[in-house]
Amino acid sequence: MSLDYLVTWMMVFLRSLGVVLQLPVLAGRPIPVMVRLGICVCLATLLAGMVPAAAVPSAVGALLPAVSGEVLLGLLLGFVARLAFASVEMAGRVISTEIGLTATPGLGVPEPSSEPLASLLSSFSIVLFFLVGGHQAVLGALARSFRLAAAGRPGFDPGAANALI
């Protein structure tokens, strides 16, 4: 295993870590950390062979911007996917408030158990997400992101705007 491949694998791992950290809550419980890390390791192992090799930084100080940029880019990708779930949950909370299913609106953070309609809509949106292939679209976007922003260089290249449009 070469050092180039190891650096590339680490950069793919960090970008996928940002995406996986934004995964929605399943059945009212968050996904355990070890399971999330296992998913990231699997994704990094699968994608690292398809991604162009990242340049090995000459100093440790040059590694910090690359690492933080990869994590931030992954968090940004995951955040975009997470917005759909947040909007459905917010709609459920507004509906619950409007029809009188919540006792005290505005006092603290409501628990999912206190808002059954929001919990139902959130669970339904997660099921629909998997049924329509949303998970494949997110994984495809993660894989395509390495064409727009190479591993180790999280800044978008000049042609990325044309590719996005």
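**Aromatic cluster and nonpolar core**

In this predicted model, ring pairs link Phe 85, Phe 129 and Phe 130 into a cluster.

User: Is the aromatic pair of Phe 85 and Phe 129 stacked or edge-to-face?

Analyst: A pair of aromatic rings is described by the distance of the centres and the angle of the planes. For Phe 85 and Phe 129 the centres are 5.0 Å apart and the planes stand at 70°. Planes over 60 degrees apart count as edge-to-face, so the pair of Phe 85 and Phe 129 is edge-to-face.

User: How many residues apart in sequence are the parts that the pair of Phe 85 and Phe 129 ties together?

Analyst: Phe 85 belongs to helix α3 (residues 60-99), whereas Phe 129 belongs to helix α4 (residues 116-131). The pair therefore ties together parts whose separation in sequence is 44 residues.

User: Is Phe 130 buried or partly exposed?

Analyst: The ring of Phe 130 also pairs edge-to-face with that of Phe 129, at 5.6 Å between centres and 75° between planes. Buried requires under 20% relative accessible area, and Phe 85 meets this at 6%. Phe 130 has 41% relative accessibility and is thus partly exposed.

User: Which helix gives the most residues to the largest nonpolar core?

Analyst: This core has 18 residues, and Val 12, Leu 142, Phe 146 and Ala 151 touch the most other members. Helices α1 (3-21), α2 (33-47) and α5 (134-148) each supply at least two residues. With eight residues, the largest contributor is α1.

User: Over which ring does the charged end of Arg 15 sit?

Analyst: Ala 151 has contacts that include Arg 15 and Phe 146. The charged end of Arg 15 is 4.1 Å from the centre of the ring over which it sits, that of Phe 146.

Notes. Residues are numbered from 1 along each chain as its sequence is written. This is a predicted model: local features need pLDDT of at least 70, side-chain atom pairs count only at pLDDT 80 or more; totals for chains, interfaces and linings use all residues. Side-chain values use heavy atoms; hydrogens and water are left out. A nonpolar core is a set of buried Ala, Val, Leu, Ile, Met, Phe, Trp, Tyr and Cys residues joined through side-chain atoms within 4.5 Å. Buried means under 20% relative accessible area, exposed over 50%, partly exposed in between (1.4 Å probe, protein chains only). Helices (H or I, at least four residues) and strands (E, at least two) are DSSP runs, numbered from the N terminus. Contact means heavy atoms within 4.5 Å. Rings of Phe, Tyr and Trp (its six-membered ring) pair if their centres lie within 6.5 Å; planes under 30 degrees apart count as stacked, over 60 as edge-to-face and the rest as tilted. A charge sits over a ring if NZ of Lys or CZ of Arg is within 6 Å of the ring centre and within 35 degrees of the ring normal. Lists of a residue's contacts leave out its neighbours within four places in sequence.
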